[in-house]
Structures are given as C-alpha cells and as structure tokens.
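Grab a coffee and open the structure in your viewer. Below are some short exercises, each with a solution worked out in steps.

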Amino acid sequence: HESSCAIIDRLRAQISLMGRGKCHELQTRLGWHHVEGGLLQQEPLRRTLKPYTHVSYDFMHTLFVNGCFNLHCGLFFHAIKPFGITNQVIDEYVSQWKWPGSFDKTTGRDAFTDARFKSCKGGKPLSVSASEGLSLTPVLALFVTTKLLGHENAAIRAQARLFLMLVNVIELIVSTTRVVVPADVLDRHVKAYSEEHLQQFGEEDMIPKMHYLIHVSIFLRRWGRLLNCWVHERKHKIIKRFGNPMTNVHVDYSASVLREVTNYHVTVMRNEVRFTTEAVLIDEMQPPKALLRDLRRLLGGDLHYTVAHSGRFNRWETVTLRDIVLYRSPAGTKVAKVERLVAVSEDAPEVAGRVAALYCLASELPITGCSDRCITTGGAEATRLIDMDDILHTTIWSHAEAGYAVMIPMSARAAALVQG
C-alpha cells in the first residue's frame, strides 16, 4: 500500500511539470497511469481503501515490458563489451538455435544484429518484445554458462553469475503455471538477485519494476498462483491485423475494425479444436498416397488415418513437424525429432463421436550427454511411433557435432531449483 501511494504522489508532483512525451515515459517506467482526482490522492481515503490487498502485478510486464530483463541485459552487454564480447558474438551464437514451430516467429533471433542492437548501446535497455525476451532467455543463459562463467576475468565471471541469478528468477516465475513453486523459494531467489544487482550496478539505473519484482512472491503466497495478462495481450495482434491496412479513417473506422474482428472471432469459435486443452491434431487432412501406404503397412489397412502439420499434446503446448521433443518412455525421458503427426481411428474423420489415437512418427536421437541446461544427442536413429500423450516438452535446439544440442525446458529447470 505504501508503494502504491508513493508512486501516486510522485506522478502527481511531476506530471504537471512535464511535457506530454515525458509524462508518457514516466508512466511507462512506473507501470502506473496518472488519474487526476483519483481516490488514493485523497489522504483520508488512504486509511480506508487498501486496493493492494486485492490486486497482483502482472509478472510478464514486470520482467519483459521495459522491465527487469530489458534493463539488466542492457547493463550486462555494456559491461562485457570491453572484453570483446560484442553483439556480433552473441548474434552469431543465437542464430545457431531453432525454436519450436509454434512460436518460431517471435523468437528474437535477430535482436543482436547491428540494425536492432544499436538502440541498446551505452547500457540502454535491450529493445525486444516480451515474447522475444522470454524466447531468448534460455539461449542467453546457455551462452553465459558455457562462454562466460569460466572466463579468465573475474569481473566477467561476476557478471555471468548475476545474469544467471536473474534467469533463475525468470524460470521460477514463468513456471508457476506448471510446477509447484513455494513462495519462500521464489522470495529467496528474488532477494538474492536484487541484492547482488544493487551491489554490482548501484541504485542509479534501477527502475520501479525492480521493486515490483520483490512483491511477486508476496502475491504467490497470497493467491497461491501468479496471474499474467499475456493471453489478452496476444489479442492486440488480431485487432492490428484488420486495423493497420485500413486507410479510410474518415468513415466510421472503429465500427469497420470491430466488424472484421467480430467476424474473425465468430469463425474461430466454430472450430472446437482451438479451445480444447486435450491432445488433438490441428487442421487434420488426408495423408498423401505414399504416406498412407506406409501407415497401413505399419499400423494396419482397415483403419482411417489423418495427418496434420501441428497438434496439441497438453494444455500448454503444441508440437509441429520437425520439432525436437522430450518424451516419456519405459526407459526414462528420451529425445526425438518429429517427422509426422497422425490420428488413427476405426471411424472416418467426419463420423460424430469419433475416437482417435494420436501418434507422432519421430526419429529417435540417442542422448550422449547432459548438463544442467542442455542435452546433447547423436544423429537420428530408427523412426519410432510415439503416443502424443507421452510428449513432455517441445524444445529449443541446434545442430551440434554429429548430432544435436537440445535445451532443457524452463519448467524442468524450475523443478530442479525448487528441489534445491
């Protein structure tokens, strides 16, 4: 409550002295909109109204929207540049990695090119979207672990340790939807990171969201889970898809965009597959003749087969062709590269109530090594039939010597942090 009142007082004191652009910048940095005459600007009401007990900060904005991650990356890359670790070096490393097909367009793979990175020079925050920042986090963590953590310079090693402390915090927070993360564990990691960040960078460059980060464990303890509004943020893209190309803004522009967006959503809602959280193929189709012959030879000729380019295997993730996945087997967790996604049933696809078994045909990748962030494998071996319910995670991966390097997913890393 005291933090909220302090922000309101600061805005009220400075907003009248600033131009429009500076006002917007200050509100963005604080993550708070100024409302003249707001209830909490009235001193008597502050003793009665306690909105803080009924709200939660959005952790994605705290971390990735002009947030702690962006700030830290700017300071971090500026600190290591004098030692020859430039954006070109990082760009070369990042460009070697491939992301799951379901979000390959929002990876931030080009964030360290000269054209994009120029806005980050001089220690300014890294200019990436929230989706890009989240996608880049595990790749940057592996880069820091393998290239900088054992660096001969003590200052570089200290910077590397601090960056990995931030990554640990991100992994714990983001994984709360899939892993039970005790509030005390999160609180311990956040405080350790905040104290070390203050020691290395001082107070001058700290932003209010560094303070908000401390409150995240409080919300987790209070509500039992952490909420984020990213599911709503994604909808902005739908509005922009129809609004941006519209050039005639003089004839009821808002109504025109609203009609297009409404028609789009009504169409999407007719597709039940979009709203299921169970395993399902997305946009099924009949298999090509050659593939159909192979499937009948493998599984039987009296069954109906459909295939797809992508499918959902749990409530959180989808898998697409050529993704590398971790899957459950009697011998433990294994790695495979998806070649085909197949639905097999006794009834034709158009039959109501049809029950299909879902499989992926995948080339197994034998595990040759494992660290706390990465699995290395050999080249592709025999093609296997994997039940889609047995897929655990899609992964970020790259080609390695005689095989692949496969990133351990954030939720698995968070589970290990919780266990100590």
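Two strands count as paired if DSSP finds at least two bridges between them. Keep that in mind for the first exercise, and remember throughout that this is a predicted model.

**Exercise 1. Work out the strand order of the open five-stranded sheet and name its edge strands.**

Solution.
- Start with the general idea: strands of a sheet pair through backbone hydrogen bonds, either parallel or antiparallel.
- Here the order is E1-E13-E14-E10-E9, and the pairing is antiparallel.
- At the edges sit strand E1 (97-98) and strand E9 (367-370), each of which pairs on one side only.
- Now zoom in on one pair: strand E10 (residues 374-378) and strand E14 (residues 403-407) share five bridges in the antiparallel sense.
- To line the two up in your viewer, find Ile375, which stands opposite Val406 in E14.
- Finally, look for the helix on this sheet: helix H8 (residues 130-148) lies across E1, E10 and E14, at about 115° to E14.

**Exercise 2. Find the largest nonpolar core and say which residues have the most contacts inside it.**

Solution.
- First, the background: in soluble globular proteins, nonpolar side chains tend to be buried together.
- In this model the largest nonpolar core holds 77 residues, and Phe77 and Phe112 have the most contacts inside it.
- Helix H9 (residues 154-174) gives the largest share of this core, 12 residues.
- Next, click on Phe77: leaving aside neighbours within four places in sequence, Phe77 touches Ile90, Phe112, Phe117, Leu126 and Leu140.
- There is also a second, separate core of 17 residues, with Leu281, Ala308, Val338 and Ala343 among them.

**Exercise 3. Is Glu364 buried or exposed, and what is it in contact with?**

Solution.
- Locate the residue: Glu364 belongs to strand E8 (residues 357-365).
- Apply the cut-off: buried means under 20% relative accessible area.
- Glu364 is at 9% relative accessibility, so it counts as buried.
- List the contacts, without neighbours inside four places in sequence: Glu364 meets Tyr327, Lys334, Val335, Ala336, Gly379, Ala380, Glu381, Ala382 and Arg384.

**Exercise 4. Describe the second largest pocket: how much space lies in it, and which residues are closest to its centre?**

Solution.
- The space in the second largest pocket comes to about 660 Å³.
- The pocket is lined by 25 residues, and Gly31, Trp32, His33, Tyr57 and Tyr212 are the closest to its centre.
- Helix H1 (2-15), helix H2 (20-30), helix H4 (59-64) and helix H11 (208-223) each bring at least two residues to the lining.

**Exercise 5. Compare the surroundings of two aromatic residues, Trp223 and Phe83.**

Solution.
- Take Trp223 first: this residue lies in helix H11.
- With 41% relative accessibility, Trp223 counts as partly exposed.
- Outside its neighbours within four places in sequence, Trp223 is in contact with Thr53, His54, Val55 and Ser56.
- Over to Phe83, in the loop between helix H5 (68-80) and helix H6 (87-94).
- Phe83 has a relative accessible area of 37% and is partly exposed.
- With the same kind of neighbours left aside, those within four places in sequence, Phe83 is in contact with Asn153 and Ile156.

**Exercise 6. What is the phi of Asn66, and what is the phi of Arg322?**

Solution.
- The rule of thumb: most residues other than glycine have a negative phi.
- Asn66 is not a glycine, yet its phi is positive, about 50°.
- Asn66 sits in the loop between H4 and H5, and its relative accessible area of 47% makes it partly exposed.
- Arg322, also not a glycine, has a positive phi of about 75°.
- Arg322 is in the loop between strand E5 (318-320) and strand E6 (324-329), and at 54% relative accessibility Arg322 counts as exposed.

**Exercise 7. Step back and sum up the whole chain: how many helices and strands are there, and what share of residues is buried?**

Solution.
- The protein chain has 16 helices and 14 strands.
- Of its 420 residues, 45% are buried.
- Its C-alpha atoms fill a box of roughly 75 × 65 × 45 Å along the principal axes.
- Among contacts with a separation of 6 or more, 66% join residues 24 or more positions apart.

Terms used
Residues numbered from 1 in each chain as written. Predicted model: local features only at pLDDT ≥ 70, side-chain atom pairs only at ≥ 80, totals over all residues. Heavy atoms only, no water. Core = buried A, V, L, I, M, F, W, Y, C linked by side-chain atoms within 4.5 Å. Buried < 20%, exposed > 50% of the residue type's maximum accessible area, 1.4 Å probe, protein only. Helix = DSSP H or I, 4+ residues; strand = E, 2+ residues; numbered from the N terminus. Contact = heavy atoms within 4.5 Å. Axes fitted to C-alpha atoms, helices over the stretch in contact; angles between N-to-C directions. 1 Å grid on protein atoms, 1.4 Å probe; cavity = no way out; pocket = protein on both sides within 12 Å on 5 of 7 lines; lining within 4 Å. Points joined across faces, edges and corners; volume = space filled by probe spheres on them.
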